[in-house]
Amino acid sequence: MERERKFLQGNDAVALGALYAGCKFFAGYPITPSTEVAERLAAWLPSHGGRFIQMEDEISAMAAVIGASLAGAKSLTATSGPGMSLKLENLGYGYMAEVPCVILNVMRGGPSTGTPTGPGQSDIMQARWGTHGDHPCIALTPSTVYEQFSQTVRAFNLAEKYRMPVIILSDEIIGHMREAIEIPAKGELEVIDRMMPACSAEDYKPYDNSQLVSPLAPFGAGYRYHVTGLNHDEYGFPTNSSRLIGLQEERLLAKVEENYDDIVLTEHFHCDDAEYIIFAFGSSARASKDAVLNLRKKGIKAGLLKPLTIWPFPDKDILKYAGKVKGFLVPELSLGQTVREVSRAVGGRCKVEHIYRVDSEPISPAQIEKAVEAM
Amino acid sequence: MAYNYEEYIRKGRLPHIWCPGCGYGIIMKSMIRAIADMGWSKDETVIASGIGCASRLPGYLDFNTLHTTHGRSLAFATGIKLANPALKIVALGGDGDMSAIGGNHFIHACRRNIDMTVIIFNNNIYGMTGGQYSPTTPAGAKATTAPFGMLEPDFDLCKLAIAAGATFVGRSTSYHALPMEKLFKEAFSHKGLSVVEIITGCPTGFGRKNNQKTPASMLLWQKDHAVTQKMAEKMSAEELEGKFVTGILHQDTSKNEYVENYDKVTGFTLEQGGK
């Protein structure tokens with residue numbers, strides 16, 4: 001199979017990326033601006049050995065995705081703000097039961113129904129902290145149609161590798177814009193499948209605390225085990241042992257924290273000699289890129305630090321520059337979620353400024369340039 | 001000779017959490033006998049549940065077992081069946097789990113007709129949290145959240161299932177251990193979504209407050225109020241007042257099973273490329 005050039009909508013690229021990664025199941029519920037992903041996979045999955053279902057609500061879609069994954073199918077669901085709020089219950093179950101799956105949130109504004117047809121970047125903290133309890137989180141932020149494809153493949157890989165739900169935080173602009181992209185040839189991008197147990201059924205521990213990630217046998221493969229959202233022992237059975245509860249909680253977080261370098265992906269655009277760094281993702285990163293080039297024409301040394309992984313937060317990349325630049329600017333479609341994290345990571349080493357739009361319109365390069373010039 | 005359940009029980013997981021006098025053990029044993037009689041292998045069988053006393057059952061059985069979130073077992077099970085239709089799936093839960101918080105999933109599972117069996121353990125109360133009223137608490141009955149008596153009318157879960165499109169609906173009680181086993185086998189053998197409601201007793205959460213002081217009196221209540229279909233046909237409406245009908249209440253074999261139909265209509269083919 002050779003590379004194929006296609007003119008695609010961002011949401012279509014997620015659907016194609018899912019097929020490339022080997023997705024075999026999609027469950028969803030119609031919601032703007034993510035619905036195209038469901039529509040494409042409803043049409044495409046059956047001929048790729050997969051099945052699609054439109055569930056009765058967002059809650060059950062998330063549940064079905066986890067169920068399908070336990071039966072061995074790489075699984076995806078897609079939604080937006082109000083739907084994401086409903087998915088949080090079973091998202092937490094996915095973290096606790098350590099079930100690989102991918103959740104696309106095409107962000108719009110909020111709270112509540114907000115403006116369904118406009119962009120937002122205000123679900124950053126929801127992605128990290130939305131479901132109750134301490135839990136790990138991996139969230140990816142594509143900003144081009146190609147990245148919608150490539151980051152979907154990467155989301156599946158990380159989900160399979162670390163046995164956990166992975167969130168893709170896209171936004172209405174990236175989801176609905178069209179760009180020409182080259183679909184990678186088969187084998188060009190790495191595709192990771194979950195580890196299968198090599199031991200006997202008797203020795204199988206689906207939740208072995210002596211390693212960060214245990215193999216996951218699909219239901220029906222002869223490894224009969226128990227899955228629960230309760231704190232559980234190494235075989236999956238509920239436990240009240242404070243020792244086991246503590247071990248499990250800490251291991252779940254360690255899966256992500258100890259693999260920061262494998263999970264965190266960032267793009268550094270004109271950062272080496274930059275005096276000002278713009279930290280932006282998704283649609284805001286696109287405007288920021290233009291702003292960097294325009295500012296440089298005016299003699300202002302600006303750079304763009306674009307996270308493709310927003311959780312875990314790319315602290316290391318920020319710290320690389322925080323001590324030597326004059327300041328960070330964080331443009332976001334939020335009244336101040338991402339800038340809080342940037343400020344935390346910068347830790348007072350330089351100033352951090354914030355600009356935003358929350359009127360359902362994108363940030364323009366001119367707005368960003370003006371803000372950098374004023375710094 | 002007594003039936004040997006050991007083959008199917010995770011002995012290390014016992015003792016179970018159920019109160020003395022709870023009807024759930026009788027249901028679990030009937031389930032085991034039915035599954036064994038069906039010849040289902042332990043590896044190909046999945047037992048899924050939601051949250052509540054009944055939903056702890058899968059942990060005690062040596063199958064592929066899944067204890068999900070409150071009310072959601074049917075949604076998880078739907079994903080499992082679509083990913084691997086060869087698996088035999090039983091999803092179970094209490095009356096609150098299935099018909100209150102899980103009510104939406106229940107009616108849509110009935111409507112879709114996916115090949116699996118839903119078992120509702122109906123003890124008319126939320127037992128695990130200590131006896132609050134559920135959608136099946138009879139009008140006037142006492143519960144910790146109905147200190148003046150239940151104000152709402154109750155659901156008839158079998159009628160609900162039939163109206164929602166389930167293609168097999170039956171009812172039994174924890175008193176009727178052998179007819180219950182037979183009913184389970186009939187449900188398991190049915191192609192499509194089968195619903196079995198088991199009327200059972202919660203001496204701790206319901207009986208104490210509602211003039212059924214002992215577990216035995218709850219079983220006797222079930223015996224006295226259950227009427228077979230044959231008996232019901234000969235009874236007047238007045239005689240049927242306060243009784244409930246047991247056995248197969250509805251069966252329709254004319255409807256397509258969801259996954260089979262999906263594969264046929266969509267031209268589902270096992271992977272050629274993909275990765």
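Chain B's secondary structure adds up to ten helices and ten strands. With a radius of gyration of 19 Å, close to the 19 Å that the globule rule gives for 275 residues, chain B is as compact as a globular protein of that length. Keep in mind that this is a predicted model. Below is a bit more on chain B, followed by a look at one helix of chain A, H4(A).

**Chain B overall**

- Picture a box of roughly 65 × 45 × 40 Å, taken along the principal axes: that is what the C-alpha atoms of chain B fill.
- Chain B has 275 residues, and 50% of them count as buried.
- Look at the contacts in chain B with a separation of 6 or more: 65% of them come from residues 24 or more positions apart.

**The shape of helix H4(A)**

- H4 of chain A covers residues 81-97, which makes 17 residues.
- From its first C-alpha to its last, H4 of chain A reaches 24 Å, close to the 24 Å expected at 1.5 Å a residue.
- H4(A) has a bend of about 45°, and you'll find it at Leu88(A).
- Right after H4(A) comes Glu98(A), which has a positive phi, near 60°.

**How H4(A) sits in the structure**

- Twelve of the 17 residues of H4(A) are buried, so this helix is largely enclosed by the rest of the structure.
- Among the buried residues of H4(A) are the glycines Gly81(A), Gly83(A) and Gly94(A).
- The buried set in H4(A) also includes Lys87(A), Glu89(A) and Asn90(A), along with Tyr93(A) and Tyr95(A).
- Met84(A), Leu91(A), Met96(A) and Ala97(A) are buried in H4(A) too.

Terms used
Residues are numbered from 1 along each chain as its sequence is written. Chains are lettered from A and ligands numbered from 1 in the order in which they are written. This is a predicted model: local features need pLDDT of at least 70, side-chain atom pairs count only at pLDDT 80 or more; totals for chains, interfaces and linings use all residues. Helices (H or I, at least four residues) and strands (E, at least two) are DSSP runs, numbered from the N terminus. The expected span of a helix is 1.5 Å times one less than its number of residues. The bend at a residue is the angle between axes fitted to the seven residues ending there and the seven starting there. A residue is buried if 20 or more other C-beta atoms lie within 10 Å of its own, exposed if 12 or fewer, and partly exposed in between; C-beta atoms are placed from the backbone. The radius of gyration is taken over C-alpha atoms; the globule rule is 2.2 Å times the number of residues to the power 0.38. Two residues are in contact if their C-beta atoms, placed from the backbone, lie within 7 Å.
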